[in-house]
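Biologist: I am new to this structure and would like to learn how to read it. Could you walk me through it one feature at a time?

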Amino acid sequence: MYSNAIKEYLIGNDKVRLLIWDLVIKGLKVKNESFFKKYLSGSVNKGFRSNYYPPCPDPSKVVGLVVHTDSTLGLVQLGDVGGYQLMKDGVWMSVNPRKGENTLCINIGDYIEVMSNNQYKSVIHRVVTNTEEERISIDCVAQPPWDFPLSTCPELIDEDHPQIYKPIIGKEYQAVKLEGHVCRPQKFFTVAGDAHLELRHAAGNVFTSTSDPSVVAARA
Ligand SMILES: O=C(O)CCC(=O)C(=O)O
Ligand SMILES: [Fe+2]
């Protein structure tokens with residue numbers, strides 16, 4: 001029963017993913033859409049993860065899920081309880097779901113940042129815990145096999161938009177991630193070196209740590 005429910009969920013999830021992927025591509029206004037379309041065509045590795053976060057006596061000491069970026073296009077069903085936070089302009093913003101409305105959160109991942117030459121930026125996010133309620137989320141990902149060549153769409157490189165990332169294969173990216181660099185591993189594969197990238201992302205590197213919405217709003 002449970003596996004049937006997951007199968008059904010994944011069929012629907014695939015449809016939504018393709019719709020969103022299409023919108024992501026359209027947003028780039030490139031002529032050669034197949035550069036992006038082939039990413040999700042053919043053989044694709046799919047993942048289904050259900051995350052469980054029990055209530056925590058001291059949320060200031062325990063994080064639910066460490067700061068990271070997703071590799072691909074992440075589709076996260078947030079459930080009914082808050083906890084998901086994303087980093088915007090150096091400040092943690094809480095994304096609170098509406099109860100009973102099956103809020104779906106779409107994360108742009110690292111591969112998309114690389115393919116789009118930084119036009120889309122991968123979302124730095126984490127999950128914080130709370131003392132009161134347990135939380136369940138569902139995260140589904142889909143990506144090409146690990147030997148898929150990851151490179152920037154040539155149409156998106158020009159004098160004003162120099163190429164930021166070197167071409168690599170998925171395996172190289174994954175190796176860096178497995179070493180523990182789970183937040184923007186692509187920063188290890190820049191054409192100009194890390195210093196260049198650190199400048200571009202300077203604002204995003206000021207990590208303030210709060211989940212208090214009033215503090216978040218005041219700093220935004
Ligand atoms: O639990 C969440 O809301 C986020 C989960 C997540 O970021 C992930 O599974 O990569
Ligand atoms: Fe994530």
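Modeller: Let's start with ligand 1, keeping in mind that this is a predicted model. A polar side-chain atom of Tyr-53 lies 2.6 Å from an oxygen atom of ligand 1.

Biologist: Which other side chains have a polar atom by an oxygen atom of ligand 1?

Modeller: Arg-49 has a side-chain N or O atom 2.6 Å from a ligand 1 oxygen. For Asn-51, the distance from a polar side-chain atom to an oxygen atom of ligand 1 is 3.3 Å.

Biologist: How many residues surround ligand 1?

Modeller: There are 14, and the closest are Arg-49, Tyr-53, Arg-135, Ser-137 and Asp-139.

Biologist: Now the metal. Which residues are the protein donors of the iron ion (ligand 2)?

Modeller: With a metal, look for the atoms that reach it, then trace them back along the chain. Here the donors are His-68 through NE2, Asp-70 through OD and His-125 through NE2, at 2.1 to 2.2 Å from the iron ion. Their spacing in sequence is H-x1-D-x54-H. Distant parts of the chain are linked this way, since His-68 sits in strand 2 (residues 63-68) and His-125 in strand 7 (residues 125-128), 57 residues apart.

Biologist: Are His-68 and His-125 buried or exposed?

Modeller: The cut-off for buried is under 20% relative accessible area. His-68 counts as buried because its relative accessibility is 11%, and His-125 counts as buried because its value is 3%.

Biologist: Which strand does strand 7 pair with?

Modeller: Strand 4 (residues 84-88) pairs with strand 7 in the antiparallel sense over three bridges, and Gln-85 stands opposite Arg-126 there. In a regular strand, side chains alternate between the two faces of the sheet. Strand 4 also pairs with strand 5 (residues 91-94), again antiparallel, over four bridges. In that pairing, Lys-88 stands opposite Val-91.

Biologist: What joins strand 4 and strand 5?

Modeller: They form a hairpin with two residues between them, and Asp-89 in the turn has a positive phi of about 50°.

Biologist: Last topic: which residues have the most contacts inside the largest nonpolar core?

Modeller: That core has 34 residues, and the ones with the most contacts inside it are Trp-21, Val-24, Phe-36, Tyr-39, Leu-73, Ile-108 and Ile-112. Several elements give two or more residues to this core, including helix 2 (34-37), strand 3 (74-77) and helix 4 (170-178). Helix 1 gives the most, with five residues. To follow one member, take Ile-108: beyond its neighbours within four places in sequence, its contacts include Val-24, Leu-73 and Tyr-120.

Key:
Residues numbered from 1 in each chain as written. Chains lettered and ligands numbered in written order. Predicted model: local features only at pLDDT ≥ 70, side-chain atom pairs only at ≥ 80, totals over all residues. Heavy atoms only, no water. Core = buried A, V, L, I, M, F, W, Y, C linked by side-chain atoms within 4.5 Å. Buried < 20%, exposed > 50% of the residue type's maximum accessible area, 1.4 Å probe, protein only. Contact = heavy atoms within 4.5 Å. Donors = N, O, S within 2.8 Å, 3.2 Å for Na, K, Ca; no water. Pairing = 2+ DSSP bridges. Near = heavy atom within 4 Å. Polar contact = N/O pair within 3.5 Å; in protein donor to acceptor, adjacent residues only side chain to side chain.
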